[in-house]
Amino acid sequence: MSTQSPRETTADVVVVDYGLGNLRSVTRGLERAGAAVEISDDPEALTDADGVVLPGVGAFGDGMENAGPFREALRDVAASDTPLFGICLGMQMLLDTSEEADREGQGDVEGLGLIPGTNVRFDDPDLKVPHMGWNELRVEHEHPLVAGVEGEYAYFVHSYYAEPDDPTHVVTTTDYGTDFASVVTNDDGTVFGTQFHPEKSGETGLRILRNYVDLCAES
């Protein structure tokens, strides 16, 4: 049980409903962190939000197909410097593409292209895939989202991970046979994502969600 008490609402956040997100637990976490949350399947709802969250579970190709109506709206959010936060599959969708689509016989699937790079599969035959459970966050580059979480643990469930083209876009790394990017961001620091689920990561996750709501309130 969390020892951090709920905060007063400080920002209006839209959670994108494109049919593949863990919306209920993400919403509860954001509300506890001080956000007034609207879950919406309408791209127009993103326009006036203080922040936008793109959650996601499942396959990259399915995610991009379902999120197709939101593609331009999400790019507009990124261009406006409104904090855009991708979670798990939502984080992977921020990149250009993923090996997963090709492995699934879907060919090249275009991601949102907001963080240059691709998503690759864990390829060590000695590793259990998916990577599932608690693992440590190591901060490589400072970002307000990860303030206070160096060395803390978060909850992961994934088979693929982001490989940004620019190593400065890697905010934190986590070791699972290889050091993979567990938090990524763009040049401006306004588009970012976590490979782990903050809404399932206890005190660490709540701190990250509070950091995010603070960013939204300041934007």
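Q: Why does C88 count as buried?
A: C88 has a relative accessibility of 7%. Buried means under 20% relative accessible area, exposed over 50% and partly exposed in between, with a 1.4 Å probe and protein chains only, so C88 counts as buried. This is a predicted model, in which local features need pLDDT of at least 70 and side-chain atom pairs count only at pLDDT 80 or more, while totals for chains, interfaces and linings use all residues. Residues are numbered from 1 along each chain as its sequence is written, and side-chain values use heavy atoms, with hydrogens and water left out.

Q: How do you know that C216 is in no bond with C88?
A: A disulfide is a pair of cysteine sulfur atoms within 2.5 Å. The sulfur of C216 lies 20 Å from the closest cysteine sulfur, which belongs to C88, and that is too far for a bond. By this rule the count of disulfides is zero.

Q: What makes C216 buried?
A: Its relative accessible area is 1%, so C216 is buried.

Q: Why is Q92 called buried?
A: The relative accessibility of Q92 is 5%, and therefore Q92 counts as buried. Q92 sits in helix α4, residues 89-92; helices are DSSP runs of H or I with at least four residues, strands are runs of E with at least two, and both are numbered from the N terminus.

Q: Which residues does Q92 touch, not counting those up to four places away in sequence?
A: They are F60, E100, N119, Y160, Y161 and Q195. Contact means heavy atoms within 4.5 Å.

Q: What makes α1 roughly perpendicular to α6?
A: The axes of helix α1 (residues 23-32) and helix α6 (residues 202-218) come within 8 Å and cross at roughly 65°. That crossing makes α1 roughly perpendicular to α6. Axes are lines fitted to C-alpha atoms, for helices over the stretch in contact, and angles run from 0 to 180 degrees between N-to-C directions. Angles of 65 to 115 degrees count as roughly perpendicular, under 35 as roughly parallel, over 145 as roughly antiparallel and the rest as oblique.

Q: Which residues make the contact of α1 and α6?
A: G29, L30 and R32 of α1 meet L206, L209, R210, Y212 and V213 of α6.

Q: Which residues of α1 are buried, and what covers them?
A: The buried residues of α1 are L23, S25, V26, T27, G29 and L30. Their cover includes β1 (11-16), β2 (35-40), β3 (51-54), β4 (84-87) and α6.
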